[in-house]
Number of protein chains: 2
Amino acid sequence: MNTLSYGLLSLLSHAADSGYDLMLKIQPFWPAKHSQIYPLLAQLESGGYVQHKLVVQTDKPDKKIYSITDKGLNALRNWLTLPTDEPVTRDELVLKIFCMEQGDTADILHMLETRLAYYQDQLQWLQSKKETYAQLNPSPSLGIILLMQKGEFSVKADLEWTQWAMRQVIAHEKEPNPD
Amino acid sequence: MNTLSYGLLSLLSHAADSGYDLMLKIQPFWPAKHSQIYPLLAQLESGGYVQHKLVVQTDKPDKKIYSITDKGLNALRNWLTLPTDEPVTRDELVLKIFCMEQGDTADILHMLETRLAYYQDQLQWLQSKKETYAQLNPSPSLGIILLMQKGEFSVKADLEWTQWAMRQVIAHEKEPNPD
DNA sequence: AACACCATGTAATCAGTTACATGATTAT
DNA sequence: ATAATCATGTAACTGATTACATGGTGTT
């Protein structure tokens, strides 16, 4: 039972779902490809944590709808009481910033512009999600609300930093030697 | 040449260093164990991107001091012009928050308290680093300043969120059914 | 006496990505 | 026509962690 397995159980504690949809839904929280999800679900099923029923479709491929079992719910509840791993972030941009004096200002600015656009997309996605949830009945769980807010806090800080960093880079270019 | 390899070259573009110290210094930006660093350095050396000289020590074990070559610097400069991968964050806490209704409020609060302490430690580390750099001569490069600021922006947002989330959880507990 | 730090390396395993494989439906 | 979406799966590979291995110095 690794973290991704618990992540799948966590999603399934809200609603039964197919492997395909679980793969799409877990992306923002724990990126994983279908080639990792499908074997894990089979493993969780052989361990008795989930079960599936085949749903035959005519217009689309048949699918397996997985649901969490009592054993799965108990495992999930126990996991909540265990110590939580520290977050891990890996960002190539950070490594590039570290040696940015080796490159041209134009390249660095281009990199930051691309990242700015990425964060803006993220923020827009979060805010559209927020609207969707606001109109939803029943209203979303506290957990969902906390996660949306966490994303918004993070992305807004990242956005602010990127804009600040771009100004610094431009200022640094204009005044390379302050005599 | 993977991202960690470029990360090592990035550190070495500032100063020559041992594998052991590179391992320690890269932790905040790209977590990696010594068992991953040492073989990569050997690989970078066989590719001509770095070279090492043995430094014999009496009180401590001998060490290899690696320095970047011209080929390494060129590779680094070219890397700066290439498209940058999007950042990847994996946080077990996020997956736990998603299914928090399955657990006790006390367990969730304990989890958030632990995370709060972690972010506070991070912030303190960043601010002590900042002081160290402020007294340093020569003053740190623009890259270093940008990274310190990025860390501070992120951690402060995370801290704010954690405190806000704890208040939400407490409020939710007191008023579970708002009739 | 037991543990942490310095310093390097390899072996085994686990986690994650890319590629291979299939095939119908719908949109551009 | 070409590509994207839905839907599942396996195989090969790369990336990352844990464990094995050694050994002196300094700290509690």
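Which residues in H1(B) are buried?

1. Basis of the note. This is a predicted model, in which local features need pLDDT of at least 70, side-chain atom pairs count only at pLDDT 80 or more, and totals for chains, interfaces and linings use all residues. Residues are numbered from 1 along each chain as its sequence is written, chains are lettered from A and ligands numbered from 1 in the order in which they are written, and side-chain values use heavy atoms, with hydrogens and water left out.

2. Helix H1 of chain B. The buried residues of H1(B) are Thr3(B), Leu4(B), Ser5(B), Tyr6(B), Gly7(B), Leu8(B), Leu9(B), Ser10(B), Leu11(B) and Leu12(B). Helix H1 spans residues 3-12 of chain B and is mostly covered, with 10 of its 10 residues buried. Buried means under 20% relative accessible area, exposed over 50%, and partly exposed in between, with a 1.4 Å probe and protein chains only. Helices (H or I, at least four residues) and strands (E, at least two) are DSSP runs numbered from the N terminus.

3. Surroundings of DNA strand D. This strand is surrounded by 22 residues, of which Tyr20(A), Gln57(A), Lys64(A), Ser35(B) and Gln36(B) are the closest; a residue is near a strand if one of its heavy atoms lies within 4 Å of it. Sugar and phosphate make up 63% of the atoms of DNA strand D that come within 4 Å of the protein. At least two residues each of the surface near DNA strand D are supplied by helix H2 (19-26), helix H3 (34-46) and strand S3 (63-68) of chain A, and by helix H3 (34-46) of chain B. H3(A) provides the largest share, three residues.

4. Polar contacts to DNA strand D. A polar contact is a pair of N or O atoms within 3.5 Å; within protein, one must be able to donate a hydrogen and the other to accept it, and residues adjacent in sequence count only if both atoms are side-chain atoms. A polar side-chain atom of His34(A) lies 2.8 Å from a base oxygen of the strand. Phosphate oxygens of DNA strand D are approached by the side chains of Gln57(A), at 2.7 Å, and Tyr38(A), at 3.3 Å.

5. Surroundings of DNA strand C. Here 21 residues surround the strand, and the closest are Ser35(A), Gln36(A), Asp59(A), Tyr20(B) and Lys64(B). Sugar or phosphate accounts for 62% of the atoms of DNA strand C within 4 Å of the protein, and bases for the rest. H3(B) gives the most to this surface, with three residues.

6. Polar contacts to DNA strand C. An N or O atom in the side chain of His34(B) is 2.9 Å from a base oxygen of DNA strand C. For Tyr38(B), a side-chain N or O atom is 3.2 Å from a phosphate oxygen of the strand. Tyr20(B) uses a backbone N or O atom, which lies 2.7 Å from a phosphate oxygen of DNA strand C.

7. Thr69(B). This residue lies in the loop between S3 and helix H4 (70-81) of chain B. Thr69(B) is buried, with a relative accessible area of 13%. Its side chain reaches the backbone oxygen of Gly48(B) at 2.6 Å.
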